[in-house]
Amino acid sequence: MDKRKIILDCDPGHDDAIAIILAAARPELEILGITTVSGNAEIEKTTNNALKVCDLVSLKDVVVSKGASEPLIRVRETAPGIHGDSGLDGPELPDPSRSWSDEHGSDTIIRLVKESNEPVTILPTGPLTNVALALTKAPEIKNNIEEIVLMGGGTFGNWTPTAEFNIWADPEAAKKVFDSGVPIAVMGLDITHQALATKEVIEQVNKIDNNVARIVGELLVFFASTYKEMFDFDGAPVHDVLTVAYCVAPELFKMKDVNITVETKGEFTAGTTLVDLHGVTGREVNAKFGLELDVEGFWKLMIDALKKY
């Protein structure tokens, strides 16, 4: 089997952690590396969390590199109200067995893409700072990037009325990525809010008799509690997991070719993704945008992956 080579660029984060867990379980994917960014929590915390999850699923040989600690030009903001102070509150995970690489996350992206003998897919599930830095420092890597499958944006917001957190946290970086010309698939709030970990889903997870599934169950319980408190959701939307699922089972996704522009200057609208669903701007298509998810098929994929542990 030809494996799809991926780099996970993340800010763990409950849903980032579960995305790593899904990716590690799928034989179709080869994880070349994991890079971290400040987002759901500060960079030391997100990197530490990524290392903990790697230990959990025995990703001993996958490089983990600490990336950007700040947005390109803006002031850093994190999301403790959603993910807790650690960025991964809920389960008790042991301290990591190893440290992160000395290489900056953006440089790891550049190196891994250049070294690969096949095109690489990048899966950013946090602010897009590392990816923007990599494209700025080494624009030639675009020639060996198969696709960027990112979680971010949407036709509505969750951090402001119009902006989703990952794009809002570093809109200048997001604009750089969307304007890069690299093929992009977008898992925005329109589709990720369909992937709710309801009580019924969590019950299915808790019936699986292994340690990884137990940890995922605890992650989902905490995540669901904060989403209930903050947004009155009856379940936790596992946003970031959709990037991995799309690489494995694109048939579960209804996508639409659109132009997406990132607002960087608005007083109230910075970080908004202008998703041109109806082609009213006449701007060139630069992304595939997720509209509908086969929810049953998605959760079957996730449950089957957890059973493999």
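This is a short tour of the structure, stop by stop, with something to select at each one. Keep in mind that the model is predicted.

**Stop 1: the whole domain**

Start by selecting residues 6-300. An unreviewed UniProt entry annotates this stretch as "domain: Inosine/uridine-preferring nucleoside hydrolase". Colour residues 6-300 by secondary structure and you will find 37% helix and 19% strand. If you draw a distance between the C-alpha atoms at the two ends of this range, it should read 22 Å.

**Stop 2: a cis peptide bond after strand E1**

Now zoom in on Pro12 and Gly13. The peptide bond that runs from Pro12 to Gly13 is cis, and its omega is near -10°. Gly13 sits in the loop that links strand E1 (4-10) to H1. Keep H1 in mind, as that helix comes back at the next stop.

**Stop 3: the cavities**

Switch on a cavity display if your viewer has one. How many cavities of 30 Å³ or more does the structure hold? There are three. The largest encloses about 170 Å³ of space.

To find the largest cavity, select Asn40, His83, Asn158, Phe165 and Tyr227, which are the residues nearest its centre among the 20 that line it. Then show helix H1 (14-25), helix H3 (80-83), helix H6 (165-169) and helix H10 (211-231), since each of these elements gives two or more residues to the lining of the largest cavity. Which of the elements provides the largest share? That is H10, with three residues. Colour the lining of the largest cavity by class, and you will see nine nonpolar, six polar and five charged residues.

Next, move to the second largest cavity, with about 80 Å³ of space. Its lining has 14 residues, and those closest to the centre are Ser38, Pro71, Arg76, Pro127 and Ala169. Coloured in the same way, the lining of the second largest cavity shows seven nonpolar, four polar and three charged residues.

**Stop 4: helix H4 and what covers it**

Select helix H4, residues 105-115. Which of its residues are buried? They are Gly105, Ser106, Thr108, Ile109, Ile110, Leu112 and Val113. Now bring up the surroundings: the elements covering these buried residues include E1, strand E2 (29-36), E3, strand E4 (120-124), H5 and E5.

**Stop 5: Asn144**

Stay with Val113 and turn on side chains around Asn144. Asn144 is located in the loop between helix H5 (129-137) and strand E5 (145-151). A polar atom of the Asn144 side chain lies 2.8 Å from the backbone oxygen of Val113. The backbone oxygen of Ser116 is 3.1 Å from a polar atom of that side chain of Asn144. Leaving aside residues up to four places away in sequence, Asn144 touches Val113, Ser116, Glu118, Pro119 and Val120.

**Stop 6: Thr264, in another loop**

Jump to Thr264, in the loop between strand E10 (260-262) and strand E11 (273-275). Is Thr264 buried or exposed? Its relative accessibility is 16%, so Thr264 counts as buried, the cut-off for that being under 20%. Show its neighbours too: beyond residues up to four places away in sequence, Thr264 touches Arg74, Pro171, Glu172, Lys175 and Ala270.

**Stop 7: two residues with positive phi**

Select Ser58 and check its backbone. Phi of Ser58 is near 60°, a positive value in a residue other than glycine. Ser58 belongs to the loop between helix H2 (43-56) and strand E3 (63-66), and it counts as exposed because its relative accessibility is 52%.

Then select Asp232, which is not a glycine and yet has a positive phi of about 60°. This residue is in the loop between H10 and strand E8 (236-237). With 53% relative accessibility, Asp232 counts as exposed.

**Stop 8: Asp304**

End the tour at Asp304, in helix H12 (residues 295-307). Asp304 counts as partly exposed because its relative accessibility is 28%. Its side chain makes a polar contact with the side chain of Lys300, at 2.8 Å. For a last distance, select the C-alpha atoms of Asp304 and Trp159: these residues are 145 apart along the chain, and the two atoms are separated by 32 Å.

Definitions and conventions. Residues are numbered from 1 along each chain as its sequence is written. This is a predicted model: local features need pLDDT of at least 70, side-chain atom pairs count only at pLDDT 80 or more; totals for chains, interfaces and linings use all residues. Side-chain values use heavy atoms; hydrogens and water are left out. UniProt positions are given in the numbering used here, feature names are shortened, and annotations may be inferred rather than shown by experiment. Helices (H or I, at least four residues) and strands (E, at least two) are DSSP runs, numbered from the N terminus. A polar contact is a pair of N or O atoms within 3.5 Å; within protein, one must be able to donate a hydrogen and the other to accept it, and residues adjacent in sequence count only if both atoms are side-chain atoms. Contact means heavy atoms within 4.5 Å. On a 1 Å grid over the protein atoms alone, a cavity is a set of points where a 1.4 Å probe fits but cannot get out, and a pocket is an open set with protein on both sides within 12 Å along at least five of seven lines; lining residues have an atom within 4 Å of a point. Grid points are joined across faces, edges and corners, and a volume is the space filled by probe spheres set on the points. Ala, Val, Leu, Ile, Met, Phe, Trp, Tyr, Cys and Pro count as nonpolar, Asp, Glu, Lys and Arg as charged, and the others, Gly among them, as polar. Buried means under 20% relative accessible area, exposed over 50%, partly exposed in between (1.4 Å probe, protein chains only).
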